[in-house]
Amino acid sequence: MQRSTLDLWVGLFVCAGIGALVILALKVGNTSGFSAAATYQISANFDNIGGLKPRAPVKSSGVVVGRVTEATFDDTKFVAKVTMTIDQRYKFPKDTTASILTAGLLGEQYIGLVAGGDPANLAQGDTLKLTQSAVVLENLISQFLYSKAAEGDSKK
Amino acid sequence: MATDNLIEISNVDYWYDKRRAILSGIDMVIPRGKVVAIMGISGSGKTTLLRLIGGVMKARKGEVKVDGKLVNKLDSAGIYEMRRRMGMLFQFGALFTDLSVFDNVAFQMREHSNLTERMIRDLVFMKLHAVGLRGAHRLMPSELSGGMARRVALARAIALDPMLMLYDEPFTGLDPISLGVIRNLIRRLNDALGATSIVVTHDVQEALDLVDYVYYLSDGKMVAQGTPEEMRAMKEPLVHQFVYGEADGPVPFQYPSKQYAEDLKLGARHHG
Amino acid sequence: MAERAVFSVRRLGHTTSDIVIRLGYAVRFIVLTLLHSGTSFRRFGLIIRELYYTGVQSLIIILVSGLFVGMVLGFQGYHTLQTYGSESALGVLVALSLVRELGPVVAGLLFASRAGSAITAEIGLMKATEQLSAMEMMAVDPISRVVAPRFWAGFISMPLLAAMFSAMGIFGGYLVGVVLIGVDEGSFWSQMQSAVDFREDIVNGVIKSVVFGFAVTWIALFQGYDAPPTAEGVSGATTRTVVTSSLAILGLDFLLTSLMFRGI
């Protein structure tokens, strides 16, 4: 085979391969943008984190602003301590509320941040004071049943 | 005296397994400019001897000297250095099947020299012309006949004008015409290049017509040596049987076996 | 009886030490190959030539298989997801299975049987026809001239082939899911994009394919280089290449997966 045709084919092959990688990276995956960008870490204590996993998104008003780094158990206060990494571009007041929410009825769990009114902003290493634990389905159902039962009693 | 001998081998032993020697106590000198044959039946150790000279294997005992250098003491860089001045023709040519005839001959020039493509082209055509195959430079090895492949391999072996040519069974499997061509080429190239040639073969008549001197190996030992005329006249039974191709002799026709009668169960009656 | 027992123990010992010796030889072989790679990088044309034979010539089988695997994933995934009413997650299913597992593994298996066996057969034949010895007698090291360029070509083409396999598979899933069945195109892509992470999924998939490429090429080259120089020897070595490298891919895949996705 002629040398130049060989080079041409190999060149096309390498381009196609790299092209496939680029397609995978841009069209199929999300580069999430946080790995390289500047971030700061905050933490929050929850009574119950339900099914929250590391790398779950942290959202505010539905926009992803960060990710959960890790969830550990604090055996002095007996609560779960969740550390999260927030993009440096987003600032939140000190009295922001963190709650563990579920996407849809059976979807993945994430942390929702709702801003408060404090003029000072959260900084690296701060801990959120106001938190709301995960809704555990069993508790919800038993609450519902109790209230139904109570309703029934009052009607008699 | 030492400068006149390109190769000096003294008291060389070689074995894979210490109990069974392949070569033992080999002494051999090959003067510059001569064509020398190493002959012997299959399995007599002649190819091993060739490999010791080429530095493919190292002698377990004794000395192999090529051009004054001890081959068995050279490191791999030294051996590669030495091989650049050696050419070897393999039994079936061993052409690189993925390269054309031209590229096969040019291979060593491209690997070992900084010659321009123009000069390589001229040299390759000269070498191919010497073996009469200048017109075949575009062909691939798969398109060549056995004899042509052997000639191309010969052109490749002389690409860098070696001082020593090694031929491993150059006549095997060739038709009479190709055989004559190869035989003449071996002699002509040797004299034209001022090289020294070693031919390992068991084609007696071809070799005796071609060479200046013969070493005869049997069972790893050098049992006879002499000029072709001396070999033809030799009374030594091993050599006589070999030169005249007799079926039975010191090398028996029968593979070592039990008594014939015993194998045919004829003796069973006496034991029963 | 005791003699028989001694004999079989001795044979077991021999077999074991043979395996260990071969493994040691294989490791020495790959180290030599890596050390003698200088020539191939100085003369990149050598690698380009081999890239053509290992990479370009494996393209057809990789692309066609990728397309079909993706299309099958589209069908099967749709049927399963439909039961839970979450057809929109079809993109996620197709993309994740391809990028994480099927892309590297299936492309690796195809690469082993297409390119790996060809490499073994070629090198085994070069050995059987004394081409390697001839090269050595011409003071050219076969490791740096024959083995190293093929190694790097295999090492480079495997991740590229795996990426093409995955891309083609996702396209196949798209064809079946969106074009044929009619899953919403927007949710197909957006769900895929939000679930597939570049570092966790794509980079890990690429790492897998790099490891497989290394393993397959190493096995193929070694089997060829170590093959007995006869017709049976070469055909046996070719079979061993396909079997050994397929097992190596599956074993390594398990190992890598358990290392990479431990936290999730």
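Me: Which residues line the largest cavity?

Reply: The lining consists of L24(A), V99(C), P104(C), P159(C), A162(C), A163(C), S166(C), I202(C), G205(C), V206(C) and S209(C). The model is predicted, so local features need pLDDT of at least 70 and side-chain atom pairs count only at pLDDT 80 or more, whereas totals for chains, interfaces and linings use all residues. Residues are numbered from 1 along each chain as its sequence is written, chains are lettered from A and ligands numbered from 1 in the order in which they are written, and side-chain values use heavy atoms, with hydrogens and water left out.

Me: Why is this space called a cavity, and what volume lies in the largest cavity?

Reply: On a 1 Å grid over the protein atoms alone, a cavity is a set of points where a 1.4 Å probe fits but cannot get out, and a lining residue has an atom within 4 Å of a point. The largest cavity holds about 70 Å³ of space, a volume being the space filled by probe spheres set on points joined across faces, edges and corners. The structure has two cavities of 30 Å³ or more.

Me: What makes up the lining of the largest cavity, by class and by element?

Reply: Eight of its residues are nonpolar, three polar and none charged; Ala, Val, Leu, Ile, Met, Phe, Trp, Tyr, Cys and Pro count as nonpolar, Asp, Glu, Lys and Arg as charged, and the others, Gly among them, as polar. In chain C, α5 (90-128), α7 and α9 (198-226) each supply at least two lining residues.

Me: Which residues line the second largest cavity?

Reply: From chain B come M86(B), G87(B), M88(B), F90(B), Q108(B), A153(B), R156(B) and A157(B), and from chain C come A134(C), M137(C) and M138(C). About 60 Å³ of space lies in this second largest cavity, and its lining divides into eight nonpolar residues, two polar and one charged. At least two lining residues each are supplied by β6 (86-89) and α5 (146-157) of chain B and by α6 of chain C.

Me: Why is the space of about 1100 Å³ called a pocket?

Reply: A pocket is an open set of points with protein on both sides within 12 Å along at least five of seven lines; the space is therefore classed apart from a cavity. The largest pocket holds about 1100 Å³. It has 30 lining residues, and those closest to its centre are R3(A), L99(B), D103(B), R110(B) and R49(C). Its lining has 13 nonpolar, four polar and 13 charged residues. Elements that each give at least two of them are α1 (3-28) of chain A, α3 (101-112) and α4 (117-130) of chain B, and α3 (44-54) and α7 of chain C.

Me: How do you know which chains touch?

Reply: Contact means heavy atoms within 4.5 Å. Two pairs of chains touch, and chains A and C have the most contacts. Chain A and chain B do not touch, their nearest C-alpha atoms being 11 Å apart.

Me: What makes up the interface of chain A and chain C?

Reply: Chain A gives 24 residues to the contact and chain C gives 30 residues. Together they bury about 2400 Å², 77% of it on carbon and sulfur atoms; buried area is the accessible area (1.4 Å probe) lost on putting two parts together, summed over both. The rule finds zero salt bridges across this interface. On the side of chain A that touches chain C there are 14 nonpolar, six polar and four charged residues.

Me: Why is the pair R43(C) and E111(B) called a salt bridge?

Reply: The term requires a side-chain nitrogen of Lys or Arg within 4 Å of a carboxyl oxygen of Asp or Glu. R43(C) and E111(B) meet at 3.1 Å, N to O, and therefore satisfy the rule. Three salt bridges are found across the interface of chain C and chain B. There, α6 (131-137) and α7 (142-181) of chain C each supply at least two residues of the side that touches chain B, and α6(C) gives the largest share, six residues. That side of chain C has seven nonpolar, three polar and eight charged residues.

Me: How many residues does the contact of chain C and chain B take?

Reply: It takes 18 residues from chain C and 20 residues from chain B. The buried area is about 1800 Å², and carbon and sulfur atoms give 59% of it.

Technical notes: Helix = DSSP H or I, 4+ residues; strand = E, 2+ residues; numbered from the N terminus.
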